[in-house]
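Which terms apply to the ligand site of this model, and on what grounds?

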Amino acid sequence: MKNILLTGDRPSGCLHLGHLLGSLENRVKLQDEFESFILIADIQALTDNFKNPELVKNNVLEILKDYLAVGIDPQKSSICLQSKLTSLLELTQYLSNLTSIDQLKHNPTLKTELVQKKINNLSFFSYPVSQAADILAFQADVVPVGGDQSPIIELTNKLAKQFNQVYKGDHLKTVKAHLSDCPRLKGTDGSQKMSKSLNNTIFLKDSIDEIRKKVYKMYTDPLHLRVEDPGHLEGNVVVYFLDIFDTDKVGLSELKNKYVEGGVADIFLKNRLVDVLEAKLRPIREKRLQLEQDQQYLLSVLTEGTKAANNQIEKTLSEIRKIFSLELF
Ligand code: TRP
């Protein structure tokens, strides 16, 4: 039997290049090796978007299209919808009994997010417990996450051990974080992280015109005022993205040398980057448009994936319920 892999995303916006590099490409690779479940975490997205449920609902299908367009194969990966997996809420409740408020207060991931998002409702505060419940209900062996989420994995394992100790048995299984080895992608503004809330993303569904607009706005080199001036590579956002996405490494290295010597216009670099990104994103965009025509298919993928997920988590929950409730009916 294959080991189980669980990942997920909050459907609060479409996926972007940062997701592609940081997780999606990895998922496509891993889906052959693992029995994969991909959770569209709409319940979690509502914790900080509760005033706008339409946004969350609309983005479920957007994210699903992104997944399928990048090559996630529903035959290998069950794509499932969190709000239709109500047993996850039940396990969240049981795990909340074991979670202290201080433990959450000191969770580094949560601490940062609470400050950034300026919200303090109870559901957001306790979302790490809900995420632990997701992971433990699926009996996941691995969870690929970015480094910033590793405190949540630690909490998950702590809760699993504590649960097994208190209720005497091997009810819940600890999990391994599968840290992605791809560096976090910078934003188009050169800041540390590409993120929708920072408004510095290139979305997988962006048209060539949108890509061009975003690339043309990128910083190059403030000292490179005339074409013949020598250009600098360090801190040059266009060069940063070329280094990552340009597959013609020899051509790129020649171009960079010329740029440093002087005589290459910034717009030349930018147009090259537009071409490189368009080559990467065109097939994804085309697949996405094709999927858009087939709502029936999209819904069937989600329905089937959610059924498979429900089967998986019921194995865990049916055992756990015996601890807490009489089996009357
Ligand atoms: N917190 C994750 C994100 O924002 C989404 C998520 C919810 C998740 N439940 C999960 C990820 C379980 C991995 C495993 O992207």
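The questions below take up the ligand and its surroundings.

This is a predicted model, in which local features need pLDDT of at least 70 and side-chain atom pairs count only at pLDDT 80 or more, while totals for chains, interfaces and linings use all residues. Residues are numbered from 1 along each chain as its sequence is written, and side-chain values use heavy atoms, with hydrogens and water left out.

Q: Which residues are closest among the 13 that surround the ligand?
A: A residue is near a molecule if one of its heavy atoms lies within 4 Å of it; 13 residues surround the ligand, and the closest are Gly 8, Arg 10, Gln 44, Gln 131 and Asp 134.

Q: What makes the pair formed by Gln 131 and the ligand a polar contact?
A: A polar contact with the ligand is a pair of N or O atoms within 3.5 Å, and a polar side-chain atom of Gln 131 lies 2.7 Å from a nitrogen atom of the ligand. An N or O atom in the side chain of Gln 44 is likewise 2.8 Å from a ligand nitrogen.

Q: Why is α8 called largely enclosed?
A: Buried means under 20% relative accessible area (1.4 Å probe, protein chains only), and eleven of the eleven residues of α8 are buried, so α8 is largely enclosed by the rest of the structure. Among these buried residues are Gln 131 and Asp 134.

Q: Which element gives the most to the shell around the ligand?
A: That element is β1, with four residues; strands are DSSP runs of E, at least two residues, and helices runs of H or I, at least four, numbered from the N terminus.

Definitions and conventions:
A polar contact is a pair of N or O atoms within 3.5 Å; within protein, one must be able to donate a hydrogen and the other to accept it, and residues adjacent in sequence count only if both atoms are side-chain atoms. Buried means under 20% relative accessible area, exposed over 50%, partly exposed in between (1.4 Å probe, protein chains only).
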